[in-house]
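Subject: Structure for you to look at, with notes on the helix packing

Dear colleague,

I am passing on the structure we spoke about, and my notes on it follow below. Please have it open in your viewer while you read.

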Amino acid sequence: MSAQPRSETPASRPAAEASDARLLTEAVTRLRRALRASIRTDYPWETLPMAQVELLQVLGEHSPARISDVAARQRLAPSTVSGLIGQMITAGLVVREVDPADRRASVVTLTDAGREQLAAWTAAHERRMDTALGALNEGARVAIAGALPALFQLAEELGEPGADPTAG
């Protein structure tokens, strides 16, 4: 995949690049689906919906946080995040407290149970991914490791949730 000027439209790209984009989209979709399915098969205790896991991840990195900030990071409606947070409060994964910087607002923080659930989820996925990577040949492992920086850069370019969409 060669770098293309930003003024170029998808229709004007060479067919090989459009195919690369389609194949990358398919690969990412299949990886996400396989990870979700394998975690439920290999670790049946894992029942959190992916949306809640993603909120735990955001709060694990940026906590305490206002619901509006979490919604902006995830590119979700505040009402959607508020509903998910309500479920997570009921499950004991997060708490809502008064924002010490603005007593009219509230912030959400992970509880110890939320941190433990996030750590267990992350460890389970890492074990699953390590097993799958171990089953690949050395060339495939090297190729994947070499592609990681570019994949992170691509995520930023696409406006990864949590990235500042106005930056760059």
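The crossing of helices α3 and α4 is right-handed, and I should say at once that this is read from a predicted model. Helix α3 covers residues 67-74 and helix α4 covers residues 78-90, and the two pack with their axes 9 Å apart at an angle of about 110 degrees. Since angles of 65 to 115 degrees are counted as roughly perpendicular, α3 and α4 are therefore described as roughly perpendicular to each other. On the α3 side the contact is made by I67, V70 and A71, while α4 contributes P78, V81, S82 and I85. Sorted by character, the residues of this contact are six nonpolar and one polar, with no charged residue.

Helix α4 also packs against helix α2 (residues 50-61), where the axes come within 10 Å and cross at roughly 90 degrees; that makes α2 roughly perpendicular to α4. Here α2 supplies A51, Q52, L55, L56 and L59, and these meet V81, L84, I85, Q87 and M88 of α4. The contact of α2 with α4 is made up of eight nonpolar and two polar residues, and again no charged ones. You will notice that V81 and I85 are listed for α4 in its contact with α3 and are listed again in its contact with α2.

Some of these residues return in the largest nonpolar core, which has 20 residues and in which L56, L59, I85 and V94 touch the most other members. At least two residues of this core come from each of α2, α3, α4, β2 (102-110) and α5 (112-134), and α2 gives the largest share, with five residues. For V94, leaving aside residues up to four places away in sequence, the residues touched are L56, L59, I85, M88, I89, V108, T109, L110 and T111.

As for the chain as a whole, its secondary structure amounts to six helices and two strands, which follow one another along the sequence in the pattern α-α-α-α-β-β-α-α. The protein chain has 168 residues, of which 22% count as buried. Among contacts with a separation of 6 or more, 48% are between residues 24 or more positions apart.

With best wishes

Terms used. Residues numbered from 1 in each chain as written. Predicted model: local features only at pLDDT ≥ 70, side-chain atom pairs only at ≥ 80, totals over all residues. Heavy atoms only, no water. Axes fitted to C-alpha atoms, helices over the stretch in contact; angles between N-to-C directions. Helix = DSSP H or I, 4+ residues; strand = E, 2+ residues; numbered from the N terminus. Parallel < 35°, antiparallel > 145°, perpendicular 65-115°, else oblique. Left-handed = near helix turned anticlockwise from the far one by under 90°. Contact = heavy atoms within 4.5 Å. Nonpolar A, V, L, I, M, F, W, Y, C, P; charged D, E, K, R; others polar. Core = buried A, V, L, I, M, F, W, Y, C linked by side-chain atoms within 4.5 Å. Buried < 20%, exposed > 50% of the residue type's maximum accessible area, 1.4 Å probe, protein only.
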